[in-house]
Amino acid sequence: MKRKILRGCGFFMGYVLLFVLLCPLMWLYGPFPYYRVLVTDMIANSSRSYIAYTLMGSSRIEEVTSLTSLQQMTVEPVITDRESSFVDEANGITIESIEGRKFKGKVMIVEDPSQIRVAMTEDMGTAGQRLADMIAGQKAVAGVNGGGFFDPNTQGSGALPKGTTIIDGCVVSDVGEEDYMGVVGFTRGGVLTLKKVTASEALGLGYVQAVTFGPFLLVDGVPQIVDDGGRGVAPRTGIGQRADGAVIFVVIDGRNAGWSMGANLRDLMNVFVEYQAVNAANLDGGSSTEMVYKGQTINRLWNLLGSRYLATSFVVMPR
């Protein structure tokens, strides 16, 4: 009996080792171009891009990802499962499931934009905070992860947000930003406004709740993403607004071959087009992507360790 158990363990470890060895070989040299482009794009645009650049080099990555556009290979309609929609009439919230050929996700529609505010970690500069804890601390109903934060060597604690963060009309943080990012937030009139501006310019434009991230997806109804957006396939979070003022949050699960591979920026933009948004922006994604309603995470997290510690979030206050 003992020998059978040891033999079984040996076979299992052998299969695991074979799998570990074959996956990189199939990625680098296999006969499946879609798989090669997809995996290369995902890793090269993730927080662990050094893996792709170490194994392939920048010239080979450029060659592979330019062979064909992921968007051209995966053009697809967005299917909304309205039969399973959940409506919280008291708070003016509707939650729906969406699906594309390679992704699944959730959409939350909030009728009244005045319910949206930005929350920030209570220990800024020291530690981040989980999304559910931010929502509970604000006595909010729901929320999604927000802007970017400094993440050295993928070990960031969410302690310090990137760019401009504005809460209740006050700049609470203003620390550097990347070129593609902009200020994403709401003016006093509840209008989602997307601008590449400084903190002082943002206040002059009337921002009262804002984070920094990007790129923008739709501006005044005009699509902003060319081809697939150039940032790979990944879990995504986005925020948008319809002409009637309703706010749209989108989260798309990713990096889970048995469930959802993720979305590129064109996919995310198309979801907002489907939901008739006039303005929309990409928020922090990857392992940060999360949607919480009444204390429960309602999408599937990519991070096996659970909710990530974040610097900021958009939360929905009770109506």
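## A guided tour of the predicted model

A search of the whole structure finds four salt bridges, a salt bridge being a side-chain nitrogen of Lys or Arg within 4 Å of a carboxyl oxygen of Asp or Glu. The model is predicted, so local features are taken only where pLDDT is at least 70 and side-chain atom pairs only at pLDDT 80 or more, while totals for chains, interfaces and linings use all residues. Residues are numbered from 1 along each chain as its sequence is written, and side-chain values use heavy atoms, with hydrogens and water left out.

**The whole chain**

Begin with the protein chain in cartoon view, where the secondary structure comes to eight helices and 20 strands; helices (H or I, at least four residues) and strands (E, at least two) are DSSP runs, numbered from the N terminus. Of the 319 residues, 51% count as buried, where buried means under 20% relative accessible area, exposed means over 50%, and partly exposed lies in between, with a 1.4 Å probe and protein chains only. If you switch on the surface, the chain exposes about 15200 Å², of which carbon and sulfur atoms supply 56%; these areas come from the Shrake-Rupley method with a 1.4 Å probe, and for residues only the protein chains shown count as cover. Among contacts with a separation of 6 or more, 69% are between residues 24 or more positions apart, a contact meaning heavy atoms within 4.5 Å.

**Salt bridges**

Select K102 and D267 next, a salt bridge in which the closest N and O atoms are 2.6 Å apart. This pair links distant parts of the chain, with K102 in the loop between β2 (93-99) and β3 (104-110) and D267 in helix α8, 165 residues apart. Both K102 and D267 are buried.

Move on to R117 and D168, which form a salt bridge with the closest N and O atoms 3.3 Å apart. R117 lies in strand β4 and D168 in the loop between β7 (163-167) and β8 (170-175), so the pair ties together parts that are 51 residues apart in sequence. R117 is buried, at a relative accessible area of 18%, whereas D168 is partly exposed, at 47%.

Then show D244 with R242, a salt bridge whose closest N and O atoms are 2.8 Å apart. Here D244 counts as exposed at 55% relative accessibility, and R242 as partly exposed at 22%.

**The sheet that holds R117**

Keep β4 in view and add its sheet: five strands form an open, antiparallel arrangement in the order β4-β20-β6-β17-β18, two strands being paired if DSSP finds at least two bridges between them. β4 (116-120) and β18 (296-297) stand at the edges with a single partner strand each, so one side of each is left without a neighbour in the sheet. Within the sheet, select β6 (residues 142-145) and β20 (residues 312-316), which pair in the antiparallel sense over four bridges; G143 has V315 of β20 as its bridge partner.

**The cores**

Now colour M108, I239, F249 and F314, which touch the most other members of the largest nonpolar core, a set of 27 residues. A nonpolar core is a set of buried Ala, Val, Leu, Ile, Met, Phe, Trp, Tyr and Cys residues joined through side-chain atoms within 4.5 Å. Apart from this core lies another, of 21 residues, with I109, I248, L268 and Y275 among them. Centre the view on M108 and, leaving aside its neighbours within four places in sequence, look for its contacts, including I93, A142, F249, M291 and V316.

**Loops with unusual backbone geometry**

Go to P215, in the loop between β11 (207-213) and β12 (216-219), where the peptide bond from G214 to P215 is cis, with omega near 0°. A little further along is D220, in the loop between β12 and β13 (222-223); D220 has a positive phi of about 55° although it is not a glycine, and D220 is exposed, with a relative accessible area of 64%.

For another positive phi in a residue other than glycine, select Q276, where the value is near 65°. Q276 lies in the loop between α8 (265-274) and β16 (277-283) and is exposed, with a relative accessible area of 60%.

**Last stop**

Finish at R308, in the loop between β18 and β19 (309-310), which is buried, with a relative accessible area of 16%. The side chain of R308 makes a polar contact with the side chain of S287 at 3.2 Å; a polar contact is a pair of N or O atoms within 3.5 Å, and within protein one must be able to donate a hydrogen and the other to accept it, residues adjacent in sequence counting only if both atoms are side-chain atoms.
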